[in-house]
Amino acid sequence: MGDRLRLAVGIMGNASSLLLYAAPILTFTRVIRKRSTEEFSCIPYIVALSNCLLYTWYGLPVVSYKWENFPVITINGLGIILELSFIFIYLWFAPTRGKIKAGTITTMVMVIFTVTAIISAFVFHDHHHRKVFVGTIGLVASVAMYAAPLVVVKQVIMTKSVEFMPFYLSFFSFLASVLWLAYGLLSHDLLLASPNLVGLPSGILQLGLYCKYRKRGIIEEEPSKWDLEHNNIQEKPKHMQLSMNEDVKGKI
């Protein structure tokens, strides 16, 4: 029963993470259409790539015991494909300075991952120590990935607008954190559960801000529209009166 529940939670976690990883498709559709990266940053996608690389390696039998973390492999393996696609599109349409910056950071991430994989495979000789080593580095990458939206949170608080914080992205981030926290606890694997202790509060904060400023935005927009219409109604008689006076003067 416990293994079935863990597998079910892992499948649901995969579904929510897939929606989370696929969310930037709309952003990059816009980049391709405009043939410009505009003000978008590539760093969140590079951080997500490092997270997917490390946890794919973590789930493989080299680090984990046999295929105990197969759901972790599937979703993060798919995440690697998606994030590499986003980074490639960014590099294709970015200006020269952006290409150099994104290419340098991506290269650093690949080097760190390669060194981590080599050390875990050849220095440590049992699954426990390999999991601790890779999981600790993966924890840092996960915290960086979940902390990235805090920049947008700051912008939401300053502008009191949720324009730059899509609801579904925040919701799926929250849902994925809940499910992977549950999966880690059911697996008795704190290294899988721990990153979501950061992602969960971050998701709650984003949803809370969305609810707060979405309602405020609706309340503030409606009076402004009514005022505009009201002013137009008041201005019409003035224009009509001015026109009548000019006609009278012309006849005189």
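Mentor: Helix axes are lines fitted to C-alpha atoms over the stretch in contact, and angles run from 0 to 180 degrees between N-to-C directions. This is a predicted model, in which local features need pLDDT of at least 70 and side-chain atom pairs count only at pLDDT 80 or more, while totals for chains, interfaces and linings use all residues. Residues are numbered from 1 along each chain as its sequence is written, and side-chain values use heavy atoms, without hydrogens and water.

Trainee: Why are α3 and α5 called roughly parallel to each other?

Mentor: Helices here are DSSP runs (H or I, at least four residues), numbered from the N terminus. The axes of α3 and α5 come within 10 Å and cross at roughly 15 degrees. Angles under 35 degrees count as roughly parallel, over 145 as roughly antiparallel, 65 to 115 as roughly perpendicular and the rest as oblique. The two helices are therefore roughly parallel, and their crossing is right-handed (the near helix is turned clockwise from the far one by less than a right angle; anticlockwise would be left-handed).

Trainee: Which residues make the contact between α3 and α5?

Mentor: Contact means heavy atoms within 4.5 Å. From α3 come I43, I46, L49, S50, L53, L54 and W57, and the residues of α5 include V109, M110 and F113. The contact comprises 13 nonpolar, four polar and one charged (nonpolar: Ala, Val, Leu, Ile, Met, Phe, Trp, Tyr, Cys and Pro; charged: Asp, Glu, Lys and Arg; polar: the others, Gly among them).

Trainee: What makes α5 roughly antiparallel to α6?

Mentor: Their axes cross at roughly 165 degrees and come within 9 Å. That angle makes α5 roughly antiparallel to α6. The crossing of this pair is right-handed. T116, I119, S120 and A121 in α5 meet R130, F133, V134 and I137 in α6, a contact of five nonpolar, two polar and one charged residues.

Trainee: How do you know that α3 is roughly antiparallel to α6?

Mentor: The axes of α3 and α6 come within 9 Å, with a crossing of roughly 155 degrees. The pair is therefore roughly antiparallel. Here α3 passes α6 in a left-handed crossing. N51 and L54 are among the α3 residues in the contact, and I137 and A141 are among those of α6. By class, this contact holds twelve nonpolar, five polar and one charged.

Trainee: What makes an empty space a pocket or a cavity?

Mentor: On a 1 Å grid over the protein atoms alone, a cavity is a set of points where a 1.4 Å probe fits but cannot get out, whereas a pocket is an open set with protein on both sides within 12 Å along at least five of seven lines; lining residues have an atom within 4 Å of a point. The second largest pocket has a volume of about 190 Å³. V47, S50, V109, F113, I137 and A144 are among its lining residues, and α3 (43-59), α5 (96-122) and α6 (127-147) each give two or more residues to this lining. Ten of the lining residues are nonpolar, one is polar and none is charged.

Trainee: How many cavities of 30 Å³ or more does the structure hold?

Mentor: The structure holds one. The largest cavity contains about 240 Å³ of space. Of its 16 lining residues, N51, N76, Y146, W180 and N196 lie nearest its centre. The elements giving two or more residues to this lining are α1 (2-22), α3, α4 (70-93), α6 and α8 (167-186). The lining of the largest cavity has eleven nonpolar, five polar and no charged residues.

Notes
Grid points are joined across faces, edges and corners, and a volume is the space filled by probe spheres set on the points.
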